[in-house]
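Hi,

Here's the structure I promised to send over. Have a look when you get a minute, and my notes follow underneath.

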Amino acid sequence: MEKSFFDSVHDLARQIPYGRVSTYGAIAKHLGMARSARMVGWAMNASHNLEDVPAHRVVNRVGLLSGKHHFEGTNLMQQLLENEGIKIKNNQVVDFEQLFWEEFQ
DNA sequence: AAGGTGACCGGCC
DNA sequence: TGGCCGGCCACCT
């Protein structure tokens, strides 16, 4: 099995620390494809099968939980984030810029 | 093999 | 921030 684009995205997603969030664009940028953030979203969809990919810590550029509809129920993503101490208001991360993290290794 | 699709982003108003 | 639009690119059928 060669390492696919999806795997790379999953690796980066796993690096997001507890209590912090990142964006699709940040991940895409780190992969050298800043304009292909859409593919990152697609990759996250595939990550749904995996258990060690914190997809709930990945939001869009304005801190909106754009992927919540892909989680079970309607507020699982929000619950997971609040469980990490992240405040959610109207489907978006409060103090997003402060919690934003992109120090990928 | 070609076309459709998408958990997005940046620019503009 | 919000709405609209064009671009982008790997994956699936």
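Which atom of DNA strand B does a polar side-chain atom of His70 lie 3.1 Å from? A phosphate oxygen. Bear in mind that this is a predicted model.

Staying with strand B, 18 residues surround it, and Tyr24, Arg38, Trp42, Met44 and His70 are the closest. Of the strand B atoms that come within 4 Å of the protein, 45% are sugar and phosphate. The backbone joins in too: an N or O atom from the backbone of Arg61 sits 3.0 Å from a phosphate oxygen of DNA strand B. In terms of elements, α2 (24-30) and α3 each supply at least two residues of the surface near this strand, and α3 gives the most, with seven residues. By class, that surface has seven nonpolar, nine polar and two charged residues.

Now for DNA strand C. The residues around it are Phe5, Phe6, Arg35, Ser36, Arg38, Met39 and Val62, which split into four nonpolar, one polar and two charged. Here α1 (5-14) and α3 (37-46) each bring at least two residues. Sugar or phosphate makes up 60% of the strand C atoms within 4 Å of the protein, with bases making up the rest. Ser36 has a side-chain N or O atom 3.3 Å from a sugar or linking oxygen of strand C.

One residue to click on is Arg38. An N or O atom in the Arg38 side chain is 2.9 Å from a base nitrogen of DNA strand B, and there is also a side-chain N or O atom of Arg38 at 3.3 Å from a base oxygen of DNA strand C.

Cheers

Notes. Residues are numbered from 1 along each chain as its sequence is written. Chains are lettered from A and ligands numbered from 1 in the order in which they are written. This is a predicted model: local features need pLDDT of at least 70, side-chain atom pairs count only at pLDDT 80 or more; totals for chains, interfaces and linings use all residues. Side-chain values use heavy atoms; hydrogens and water are left out. A residue is near a molecule or strand if one of its heavy atoms lies within 4 Å of it. A polar contact is a pair of N or O atoms within 3.5 Å; within protein, one must be able to donate a hydrogen and the other to accept it, and residues adjacent in sequence count only if both atoms are side-chain atoms. Helices (H or I, at least four residues) and strands (E, at least two) are DSSP runs, numbered from the N terminus. Ala, Val, Leu, Ile, Met, Phe, Trp, Tyr, Cys and Pro count as nonpolar, Asp, Glu, Lys and Arg as charged, and the others, Gly among them, as polar.
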